[in-house]
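Please walk me through this fold. Start with the sheets, then turn to the helices, the cysteines and the chain as a whole.

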Amino acid sequence: MRPTKKRPSIRDVATAAGVSYQTVSRVLNNPELVRPSTRERVEESIKALGYRRSMVARSLATNNSMLIGVVANQSALVGPAELKLGIDEGALAREYSTVHITIRDSSPDTLEGVFNRLWGLGVDGVIVLAWSQEMVDFAVRLSGMLPTCVVAEGTVPNGLSRVHGDQLGGARRATEFMCQAGCKRVGHLAGPDDWLESKARQLGWRLGGGTGACVSAGWEASDGFEAAEELLDVDPSTDGIFAANDHVAVGAIKRLMSMGKRVPEDVVVVGFDDVSLGSYLSVPLASVQQPFSEIGEAAVRLIFDLIDGGEPSDQVIDTELIVRESTLR
């Protein structure tokens, strides 16, 4: 068997640079404490040897786990996946790793298991993607013991760091645009009743001039397909539909067409999230764009502010209405 090449150690770097291994450690962790000429020599040796520091060793040296916990709902949708990717990239840029705990519900037993798991891992901070009030309350509990940031809509207690996309504002602008485009009865296919994002989008639809019916759908295309017919049964004069997300909008368009309705001539449709699929439909879908990666990066930034001793803060990331053919009569 061919011998495995030995991974260079911190002592190998020290020998090559002609310094102590403590000096190499200072260059890696506190470079401002090392003279520039010495620091440059050590950095050249690191590059020449291809040295990569051990995260385990760094964890022991700094007394940190180098881990950020992420708690999220199980979902196969594109938006949540992009949000998690933004968190992962933000953590990686700071030489941290993430551990994701995905759950199906927010029952007390489930959340107790999550709490024990996070505590056992010794994470340095937690990001909670809170879809319900129970998850916000769970984040509050965590914040009393660990740096915690919640990604959530609605009202969160003072002292808890929070970041979120402007769900309400985006929904309001979308509905206002539909009304200005000539729609008289803008209905809404809402997300699940207990989701905070769903409630924010529903409120934005109403504030934006939505005077049509509201039907509880869900997040999937099949939900939109079924709910679209129900919406028109409740209010046959509906000439505009603001959907909970793009998947619901796609399902709704499919059902409208099967009912002989033309989009946008008979019914204007706008989605939310602006997933890439929407722009490739036979009738490209107008949608409210959420910068998921930016939200994820902001959550990581707020966590590290707390880890570094900063104060909790609240940040709103703007959303933008992307106009496409599904609204252009």
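In this predicted model, six strands make an open sheet of mixed pairing, ordered β7-β6-β8-β9-β10-β12. The edges belong to β7 (214-216) and β12 (320-322). Each has a single partner strand, so one side of each lacks a neighbour in the sheet. From one strand to the next, the twist averages 20°.

Look inside this sheet at β8 (residues 240-243) and β9 (residues 268-273). They run parallel and are joined by three bridges. F242 has V270 as its bridge partner in β9. Helices cover the strands. Helix α11 (residues 246-258) packs on the sheet and touches β6, β8, β9 and β10 (286-289). The direction of α11 makes about 155° with that of β9. Another helix, α9, lies across β6 (186-190), β7, β8 and β9. It runs at about 175° to β6.

Now the other sheet. It is open too, with six strands in the order β2-β1-β3-β4-β5-β11, and its pairing is parallel. Which strands stand at its edges? They are β2 (97-103) and β11 (314-317). Each pairs with a single strand, so one side of each is left without a neighbour in the sheet. Here the twist averages 15° from one strand to the next.

Within this sheet, β1 (residues 67-73) and β3 (residues 125-129) run parallel, joined by four bridges. One residue to find is I68, whose bridge partner in β3 is G125. Helix α12 (residues 292-307) packs on the sheet. It touches β1, β3, β4 (148-151), β5 (161-165) and β11, and its direction makes about 170° with that of β5. Helix α6 (residues 108-121) lies across β1, β2 and β3. Relative to β2, α6 runs at about 165°.

Helix α7 (residues 133-143) shows how a helix meets its surroundings. Its buried residues are M135, V136, F138, A139 and L142. Seen down the axis of α7, they fall within an arc of 160°, so they line one face of the helix. What covers them includes β1, β2, α6, β3, β4 and α9 (196-207). Note α9 again: this helix also lies across strands of the mixed sheet, β6 among them.

Helix α2 (residues 21-29) can be read in a similar way. T23, V24, V27 and L28 are its buried residues. They fall within an arc of 140° seen down the axis, so they line one face of α2. Their packing partners are α1 (10-17) and α3 (36-49).

Next, the cysteines. How many disulfides does the structure hold? Zero. For C179, the closest cysteine sulfur is that of C183, 6.9 Å away, which is too far for a bond. C214 is in no disulfide either, and its nearest cysteine sulfur, in C179, is 15 Å away. C179 is partly exposed, at 28% relative accessible area. C214 is also partly exposed, at 32%.

Finally, step back to the whole chain. Its secondary structure comes to twelve helices and twelve strands. The radius of gyration is 25 Å, well over the 20 Å that the globule rule gives for 329 residues, so the chain is more spread out than a compact globule. The C-alpha trace spans about 80 × 45 × 40 Å along its principal axes. Of the 329 residues, 48% count as buried. Take the contacts between residues at least 6 apart in sequence: 70% of them join residues at least 24 apart.

How values were computed: Residues numbered from 1 in each chain as written. Predicted model: local features only at pLDDT ≥ 70, side-chain atom pairs only at ≥ 80, totals over all residues. Heavy atoms only, no water. Pairing = 2+ DSSP bridges. Helix = DSSP H or I, 4+ residues; strand = E, 2+ residues; numbered from the N terminus. Axes fitted to C-alpha atoms, helices over the stretch in contact; angles between N-to-C directions. Contact = heavy atoms within 4.5 Å. Disulfide = S-S within 2.5 Å. Buried < 20%, exposed > 50% of the residue type's maximum accessible area, 1.4 Å probe, protein only. Arc of directions from axis to C-beta. Rg over C-alpha atoms; globule rule 2.2 N^0.38 Å.
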